[in-house]
Structure formats: structure tokens, C-alpha cells
Amino acid sequence: MAFDSQLGKGVLEGCILKLLEGCFRYSGEIVMLMRECGFADFSEGTLYPMLLRLEKAGCFVTEKRATSNSPPKKYYKLSATGLERLKTFENMWNELVGSVEKVFKREN
């Protein structure tokens, strides 16, 4: 699915926050879930800058977990700040969707 770049960035960020609500996930898992949800072109190159920005903003609790045959993986989960950011996104998204639906249902 292709988006206008600015709108897309906000939507993708909201989706990432939602995927990290309530459970720890590592980057490869996030990419896989985004692709399963229809974001076929979503890549780690798109994800990493978002994760860094959101982590700097205090949106995550992180932990490193050992793996049997590779270096430890970094796992992310929403912090209280991240949950607030997700709530804000969801409110804005619902308002936007409601407004767009009104426009498309309007008879000219």
C-alpha cells in the first residue's frame, strides 16, 4: 500500500505503536506483522529510524534477549509515554476517519 509520504509516516508510526502495545517485539517481527497487514513494501530501513526517534522520545521499554545462534536481539514494548502517544494517535485517527467518511457520504 502506497501513501503520501507525510501522511504515511504518521500512519506507520501509529501502527508501530499499536503493534508494541502490551507485548515485547523485535524489529524482524514488527516488519513481518506490518507486511502481513498489507504494508508490503515496509522494511527495516523504514522501521529503524522510527524506532530510534520513538525510543529517544521515551515511548519504549526495551530489553535485550539472548539467542542461540546470533547476537542478542533488542525487544521493544510501549512505556507509559508510548501508550499516551498511541492514545493520541487513535483519537486523531478516529476523528480523521469520521471527517473523511462524512465527505464521501455527502451528496453534492
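**View A. Strand 2 meets strand 3 in this predicted model.** Strand 2 and strand 3, the latter made of residues 73–78, run antiparallel to each other and are joined over six bridges. To get your bearings, find V61: across from it in strand 3 sits K77, its bridge partner. Helix 3 (residues 44–56) lies against the sheet here, touching both strand 2 and strand 3. The direction of helix 3 makes about 120° with that of strand 2.

**View B. Strand 1 joins through strand 3.** Strand 1 and strand 3 are also antiparallel, this time over two bridges. Look for Y26, whose bridge partner in strand 3 is Y75.

**View C. The whole sheet, with its three strands.** The sheet is open, with antiparallel pairing and the strand order 1-3-2. Strand 1 (25–26) and strand 2 (60–65) are at the edges with a single partner strand each, so one side of each has no neighbour in the sheet.

**View D. Inside the largest nonpolar core.** This core counts 20 residues, and the ones touching the most other members are I16, L20, I30, M34, F42, L51 and F60. Helix 1 (5–19), helix 2 (27–36), helix 3 and strand 3 are the elements that each give two or more residues to it.

**View E. Zooming in on F60.** What does F60 touch, leaving aside residues up to four places away in sequence? Its contacts are L20, L51, L54 and E55, plus Y76, K77, L78 and S79. L20 and L51 may look familiar from the previous view: like F60, they are among the core residues that touch the most other members.

Technical notes. Residues are numbered from 1 along each chain as its sequence is written. This is a predicted model: local features need pLDDT of at least 70, side-chain atom pairs count only at pLDDT 80 or more; totals for chains, interfaces and linings use all residues. Side-chain values use heavy atoms; hydrogens and water are left out. Two strands pair if DSSP finds at least two bridges between them. Helices (H or I, at least four residues) and strands (E, at least two) are DSSP runs, numbered from the N terminus. Contact means heavy atoms within 4.5 Å. Axes are lines fitted to C-alpha atoms, for helices over the stretch in contact, and angles run from 0 to 180 degrees between N-to-C directions. A nonpolar core is a set of buried Ala, Val, Leu, Ile, Met, Phe, Trp, Tyr and Cys residues joined through side-chain atoms within 4.5 Å. Buried means under 20% relative accessible area, exposed over 50%, partly exposed in between (1.4 Å probe, protein chains only).
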